[in-house]
Amino acid sequence: MAEEEGPTVELRQRKKLKSSENKESVKEEKISDTPIPERAPKHVLFQRFAKIFIGCLAAVTSGMMYALYLSAYHERKFWFSNRQELEREITFQGDSAIYYSYYKDMLKAPSFERGVYELTHNNKTVSLKTINAVQQMSLYPELIASVLYQATGSNEIIEPVYFYIGIVFGLQGIYVTALFVTSWLMSGTWLAGMLTVAWFIINRVDTTRIEYSIPLRENWALPYFACQIAALTGYLKSNLNTYGERFCCLLMSASTYTFMMMWEYSHYLLFLQAASLFLLDSFSLEQSDKVHEVYKIYIFSLFLGYLLQFENSALLVSPLLSLVVALILAKCLQLNVKKGTCIAKIMKVINFYLVCTLTVTLNIIMKMFVPHKENGHMLKFLEVKFGLNMTKNFTMNWLLCQESLQAPSQDFFLRLTQSSLLPFYILVLIICFLSMMQVIFRRIKGKSLKETITLEDGRIGGRPEIIYHVIHTILLGSLAMVIEGLKYLWTPYVCMLAAFGVCSPELWVTLFKWLRLRTVHPVLLALILSMAVPTIIGLSLWKEFFPRLMTELMELQEFYDPDTVELMTWIKRQAPVAAVFAGSPQLMGAIKLCTGWMVTSLPLYNDDDLLRRNENIYQIYSKRSAEDIYKILTSYKANYLIVEDAICNEVGTMRGCRVKDLLDIANGHVVCEEGDKLTYSKYGRFCHEVKINYSPYVNYFTRVYWNRSYFVYKINTVISFQS
């Protein structure tokens, strides 16, 4: 409908949008049906069916092959099937060990209800602390996996660990399939999906952490987010019929809610998505009703998640809820004015300002009236990260030193460039972004634009699903440039967007229109390049990287950690069942999984109390007196202390990021001034001094076991204070 029509037409379009769309679709069908001969529809239908069938087959096959590849690579890397159960469990490191340990606990429980109750009232993991492990650690994947394992009778066929990691590998296959479908929907050819999968696998070091930590929450959650992205992409397409819209809405609703249940940080990622849709709507690049249907899905998922996550107040005070409520309120206050007029442009600016102001205001009000335990340390970390504040706090500085929270290294960009992913992504992003800006400026000037975009138009920036992805990938990329850990959210969609671009004839036509190509017909050349370029890329990737992938599968690696195996064996045989162990959080996670004994801390960083415990227990590597360390350990009812030689004698690659250095700075024992280190503590480093076995250390601690990596001390209950 032309933009020059009067206000009455515009008002009718807002109120009866669906009916007008149905009328337009009926007209388009009549127009398209009349000139076609009788046999053409059957031929076209057969062609479409063959295209869809081959594409779906390729998508499903790609996902299955990737899942099988991960399984084979995991077996070769750890020699998993030839290991004892204890050696297999040691391969789960850090927080991954905690997640898998609760899966084991669920399988040992006499009933599902009893297992859930013990997890929600758990007092057998952390000493002097009862936690709701399901809510605090987002253990819904473990609950679902344990139910499936027992309900399907898999306990008679497969071992629990294989079933657990098999589900995660299967989800990764779904992840790849969803990316395949998204790229296919955007480009119109399943060749883009194949190229997406190829780039994803080749750059898997930067696209997923599945190789290092299988049970991570993101490995469970991101496949559902990829499905939601695929459904949203199809939903935003302008030529989608009613049944397609309903299917996409249903898939979006299911995947959004599941994604929110699987990962505690999911609502932050959905907030970026909602912000992208808000910008899409603000630029008038999509019908507002469609975008607001997505907002309703967010509201539904948030409140259902709030109820089923033990009234999780973090969802109520989330920026996602504040933004969506602000957008709905702004729509209710929005006036119907003629498009293209000066008043309409002013109203757009006012609406944008109103949404931003309402979002901040609502979020502040919600935090004032809703009791919540938001991660305050995250805000403090961001302040220090961006140089807004300075701190000597151990936890903050320790987080800043983590590689995943640093800015991306040059190696990251070099790897993406070597696989040709980054150059093509930049090319596609620039073309799509410039085309988007061209469309926006035309709308601002009041120029009328065609409702249906054809290939000959060369206006890829007018397609709403493309512009959504451009905005979303820019937002994700901006964050990934600051924090390297976020590259696992951004890089998969880099693969998808780059593959879509090189396989899309419309993108090439857009480029040729700008270049004013006259020697060859732009559409013909675009069709040729959209097939030739991805084929050349695919062949070069196959030649260079396929032999490497096959070599990785053929190499038989071995996970060898006899010291940790000996330590766990000693604990299970010699330590009392009621004993409580203290040590580094990473080691405590392994002890909880491999032995089941109670610990003083966990490798989790979303709870302020656990963060304080971690910092206090880490004092065993600081320059503190034996009496101070003894008081700290006994305050948590610890019976045994484990000192790790790797931490005590750590040689850090990054200056000032060793655990002992961070502790000295936090305790004021060391001050760095122009490279000079001044020692203020009158005590030696505890982890060194306790090994010497002289007073007063022997008065508090008795060494009961040691090997090359670990020293275990029993904390004395009766102390002899002799010099």
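**Questions on a mixed sheet and its surroundings**

Me: Helix 28 (residues 585-594) lies across strand 1, strand 2, strand 3 and strand 7, running at about 125° to strand 3. What is the strand order of the sheet to which these strands belong, and is the sheet open or closed?

Reply: The model is a predicted one, and in it the sheet is open, with five strands in the order 2-1-3-7-6 and with mixed pairing. Its edge strands are strand 2 (598-599) and strand 6 (701-706), each of which pairs on one side only. Helix 27 (residues 562-574) also packs on the sheet, where it touches strand 1, strand 3, strand 6 and strand 7 (710-715), and its direction makes about 25° with that of strand 7.

Me: How do you know that strand 1 and strand 3 count as paired?

Reply: Two strands pair if at least two bridges are found between them, and strand 1 (residues 580-582) and strand 3 (residues 640-644) are linked over two bridges, in the parallel sense; the criterion is therefore met. Within this pair, Phe 581 stands opposite Tyr 640 in strand 3.

Me: What makes the pairing of the sheet mixed?

Reply: Strands of a sheet pair through backbone hydrogen bonds, either parallel or antiparallel. Here strand 1 and strand 3 pair in the parallel sense, whereas strand 3 and strand 7 run antiparallel and are joined by five bridges, with Val 643 opposite Phe 711 in strand 7. Strand 6 and strand 7 also run antiparallel, again with five bridges, and the bridge partner of Tyr 705 in strand 7 is Val 712. A hairpin of three residues leads from strand 6 to strand 7.

Me: Why is strand 3 described as mostly covered?

Reply: Five of its five residues are buried. Tyr 640, Ile 642 and Glu 644 point one way from the strand, Leu 641 and Val 643 point the other way, and all are buried.

Me: Which residues touch the most other members of the largest nonpolar core?

Reply: That core has 169 residues, and the ones that touch the most other members are Leu 277, Phe 581, Ile 591 and Ile 642. The element that gives the most to this core is helix 9 (residues 160-187), with 14 residues. Another core, of 39 residues, lies apart from it and includes Trp 398, Ala 582, Ile 647 and Leu 663. As a general tendency, nonpolar side chains in soluble globular proteins are buried together. For Ile 591, once its neighbours within four places in sequence are left aside, the contacts are Met 568, Ile 571, Phe 581, Gly 596, Trp 597, Val 599 and Ile 642.

Me: Why is Arg 88 called buried?

Reply: The term requires a relative accessible area under 20%, and the value for Arg 88 is 8%, so this residue qualifies. Arg 88 sits in helix 4 (residues 85-90). Beyond four places in sequence, its contacts are Phe 80, Ser 81, Arg 83, Glu 159, Val 161 and Tyr 162.

Me: What makes the approach of Arg 88 to Ser 81 a polar contact?

Reply: A polar atom of the Arg 88 side chain lies 3.4 Å from the backbone oxygen of Ser 81, and the cut-off for such a pair is within 3.5 Å, so the distance satisfies it.

Me: Is Thr 510 buried or exposed, and how do you know?

Reply: Thr 510, in helix 25 (residues 505-515), is buried, because its relative accessible area is 0%. A polar atom of its side chain lies 3.4 Å from the backbone nitrogen of Ile 460.

Me: Why do Leu 128 and Asn 693 receive the accessibility labels they have?

Reply: Exposed means over 50%, and partly exposed covers the range between this and the buried limit of 20%. Leu 128 has 56% relative accessibility and so counts as exposed, while Asn 693, at 35%, counts as partly exposed. Leu 128 is in the loop between helix 6 (112-120) and helix 7 (133-137), and Asn 693 is in the loop between helix 33 and helix 34.

Me: What is the phi of Leu 128, and what is the phi of Asn 693?

Reply: Most residues other than glycine have a negative phi, and most peptide bonds are trans. Leu 128 has a positive phi of about 60° although it is not a glycine, and Asn 693 likewise has a positive phi of about 60° without being a glycine. The peptide bond from Ser 695 to Pro 696 is cis, with omega near 10°, and Pro 696 is placed in the loop between helix 33 (686-692) and helix 34 (697-700).

Technical notes. Residues numbered from 1 in each chain as written. Predicted model: local features only at pLDDT ≥ 70, side-chain atom pairs only at ≥ 80, totals over all residues. Heavy atoms only, no water. Helix = DSSP H or I, 4+ residues; strand = E, 2+ residues; numbered from the N terminus. Contact = heavy atoms within 4.5 Å. Axes fitted to C-alpha atoms, helices over the stretch in contact; angles between N-to-C directions. Core = buried A, V, L, I, M, F, W, Y, C linked by side-chain atoms within 4.5 Å. Buried < 20%, exposed > 50% of the residue type's maximum accessible area, 1.4 Å probe, protein only. Polar contact = N/O pair within 3.5 Å; in protein donor to acceptor, adjacent residues only side chain to side chain.
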